[in-house]
Amino acid sequence: MTPTHILLLIGGYFLVLLLISYFTGKNDSNIDFFKAGKSSPWYLVAFGMVGASLSGVTFISVPGWVEASEFSYMQVVLGYFLGYLVTAYVLLPIYYKQNVTSIYEYLDERFGWMSYKVGAVSFFISRVLGAAFRLFLVAIVLQQFVFDAWGVPFELTVVLSILLIWVYTFRGGIKTIVWTDTLQTLFMLISVGLSIYFILGKLDWTFSDFLASEEFQQYNRVIFADNFFEKQHLLKSFFGGMFVTICMTGLDQDMMQKNLTCKSLKDAQKNMVSFSVVLVIVTFVFMLLGALLYIYADRYDIAMPLMDGEPKSDLLFPEIALNSGLGMTVAITFMLGLIAAAYSSADSALTSLTTSFCVDFLGIEKKPEANRKRLRKTTHVGMSVMLIIVVIIFKYVLNSNVIDGLLTVASYTYGPLLGLFTFGIFTKHQLKDKYVWIVALLSVSIVLWLGKIPAENIGGYVFGYELLPLNGLLTFFGLWLIRQKKPHIA
């Protein structure tokens with residue numbers, strides 16, 4: 001598949017998204033941009049959230065992770081499932097009861113202004129980094145397989161990628177995204193299904209032959225419970241995954257903004273539960289694809305692609321789909337799946353960052369009615385520029401597998417949110433609000449320090465995703481120290 005073919009495919013895909021944006025963004029109102037008029041069908045939101053949650057990170061990075069970590073990621077995913085149930089039955093009722101636009105408004109009502117801002121800042125940093133991780137993935141693939149051939153610099157690739165997102169989200173916002181995510185999820189699932197089908201055909205295997213093969217046995221270990229000191233131990237991965245989901249979905253404006261567009265709490269809960277079941281199944285299929293990619297690469301002597309002279313496992317799937325002779329069908333569906341996966345999360349991230357900044361930092365609902373739409377649009381441009389800068393920085397500082405990097409960053413940035421919401425929900429205490437930022441800063445600093453300690457200095461113990469609940473626990477303990485005796489009246 002030539003770079004020209006890929007660009008034509010991307011162009012056609014975005015024309016479809018622009019058409020959806022035209023019909024969903026006709027009103028161009030803030031209520032549609034932020035909440036989709038609270039009229040989204042729950043099943044549509046659920047299906048679209050599968051694509052947004054998987055994103056380009058899962059689409060490329062999870063299959064690339066299989067060689068080094070086998071199926072250990074499924075331990076994390078099973079923890080995700082429990083985290084989604086907590087989100088559905090603990091957090092969603094709170095958000096619907098208070099009828100919030102930004103979920104961090106809960107912290108304002110519960111504790112005060114400083115707690116509200118600490119929560120909003122924690123989300124803002126987390127989502128900027130998370131969105132940048134996802135956009136970085138699609139940018140490096142486009143650079144490697146399209147723009148390098150034309151001498152286009154990586155920086156311009158990033159600008160073009162984010163500009164395309166801005167074009168179809170600047171009017172309709174979350175209302176547009178609920179519909180585009182549905183289309184993008186469909187493309188992604190078709191892509192992975194066809195990739196597995198054609199690779200099996202090239203290997204002259206049936207699906208059962210693949211599962212029974214000796215090659216598959218090298219990659220299919222799921223449970224790692226031998227050594228608790230290892231990063232991938234079952235308990236550390238499972239509970240780390242649970243808290244990652246509670247934070248990156250339940251305490252994240254991006255994911256919750258879609259749930260809050262449902263007509264009722266009951267619909268939002270049906271959306272969350274059905275989505276979580278599908279997500280576990282689909283992620284397992286991605287792991288199977290990862291094993292199949294490495295078997296195929298070994299069979300046909302396909303070398304790991306290089307980026308800046310270093311092997312990059314995130315590029316194995318695109319290398320095989322585009323350059324290994326599987327045919328145009330696989331190449332086309334891969335590119336559609338990649339674009340869909342990357343943009344289904346990046347577009348909602350851009351919209352949620354705009355929403356959070358407008359509501360949590362600019363107080364848009366308190367501004368004169370005549371200025372609100374202009375303020376929202378200006379903010380949307382500003383968020384786009386910021387993402388461009390962060391993604392470009394990642395090219396020069398990121399050296400790990402992207403899914404691993406994303407989960408590691410979440411351990412640091414979501415901890416204060418976890419501690420604040422837990423303290424608010426499970427205690428009746430008020431806080432000395434002006435000191436909350438100190439507690440959050442100390443908690444993150446301690447966890448950063450722990451994460452940097454060499455394993456040999458602590459008996460070979462390797463910190464993993466348990467740093468996130470530990471971060472939340474430290475924040476909770478710090479909040480307990482600055483509590484007021486006066487109980488909170490619900």
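# A first tour of the structure

Let's start at Ser115, a residue of helix α6, which runs over residues 113-145. Keep in mind along the way that this is a predicted model. From Ser115 we can move to the helix packing around α6, then to the largest nonpolar core, to which α6 gives the most residues, and finally to the salt bridges, which come to four.

**Ser115 and its surroundings**

- Is Ser115 buried or exposed? Ser115 has a relative accessible area of 0%, so this residue is buried.
- Beyond residues up to four places away in sequence, Ser115 touches Leu107, Leu420, Leu431, Asp433 and Val436.
- One of these partners, Leu420, belongs to helix α18 and takes part in the meeting of α6 with α18.

**How α6 packs against α18**

- Two packed helices are described by the angle between their axes and the distance between the axes.
- Helix α18 covers residues 415-426, and its axis comes within 8 Å of the axis of α6, with a crossing angle of roughly 140°.
- This crossing of α6 and α18 is left-handed.
- Which residues meet here? From α6 come Ser115, Val118, Gly119, Ser122 and Phe123, while α18 brings Pro416, Leu417 and Leu420.
- Sorted by type, the residues of this contact are five nonpolar and three polar, with no charged residue among them.

**The largest nonpolar core**

- In soluble globular proteins, nonpolar side chains tend to be buried together.
- The largest nonpolar core here has 136 residues, and the members that touch the most others are Tyr95, Ile199, Phe210, Ile320, Met335 and Phe421.
- Helix α6 is the biggest contributor to this core, giving 18 residues.
- For a closer look at one of those members, take Phe210: leaving aside neighbours within four places in sequence, Phe210 is in contact with Leu200, Trp205, Phe216, Leu288, Ala291, Leu292 and Ile295.

**Salt bridges**

- Side chains of opposite charge can pair when their charged atoms come close.
- How many salt bridges are there? The count is four, and three of them are described below, beginning with Arg221 and Asp226.
- Arg221 pairs with Asp226, and their closest N and O atoms are 2.8 Å apart. Arg221 is partly exposed at 33% relative accessibility, whereas Asp226 is exposed at 69%.
- Glu466 pairs with Lys236, with 3.9 Å between the closest N and O atoms. Glu466 sits in the loop between α19 (436-452) and α20 (467-481) and Lys236 in helix α11 (residues 234-250), so this bridge ties together parts that are 230 residues apart in sequence.
- Both ends of that bridge are buried: Glu466 has 13% relative accessibility, and Lys236 has a relative accessible area of 4%.
- Asp267 pairs with Lys270, the closest N and O atoms lying 3.5 Å apart. Because Asp267 and Lys270 are three residues apart in helix α13 (residues 265-299), about one helical turn separates them.
- Asp267 is buried at 15% relative accessibility, while Lys270 is partly exposed at 36%.

**Tyr43 and a distant partner in sequence**

- Tyr43 is part of helix α3, which spans residues 42-69.
- Is Tyr43 buried or exposed? With a relative accessibility of 53%, above the 50% cut-off, Tyr43 counts as exposed.
- Tyr43 and Cys262 are separated by 219 residues in sequence, and their C-alpha atoms are 9.5 Å apart in space.

Conventions. Residues numbered from 1 in each chain as written. Predicted model: local features only at pLDDT ≥ 70, side-chain atom pairs only at ≥ 80, totals over all residues. Heavy atoms only, no water. Helix = DSSP H or I, 4+ residues; strand = E, 2+ residues; numbered from the N terminus. Buried < 20%, exposed > 50% of the residue type's maximum accessible area, 1.4 Å probe, protein only. Contact = heavy atoms within 4.5 Å. Axes fitted to C-alpha atoms, helices over the stretch in contact; angles between N-to-C directions. Left-handed = near helix turned anticlockwise from the far one by under 90°. Nonpolar A, V, L, I, M, F, W, Y, C, P; charged D, E, K, R; others polar. Core = buried A, V, L, I, M, F, W, Y, C linked by side-chain atoms within 4.5 Å. Salt bridge = Lys/Arg side-chain N within 4 Å of Asp/Glu carboxyl O.
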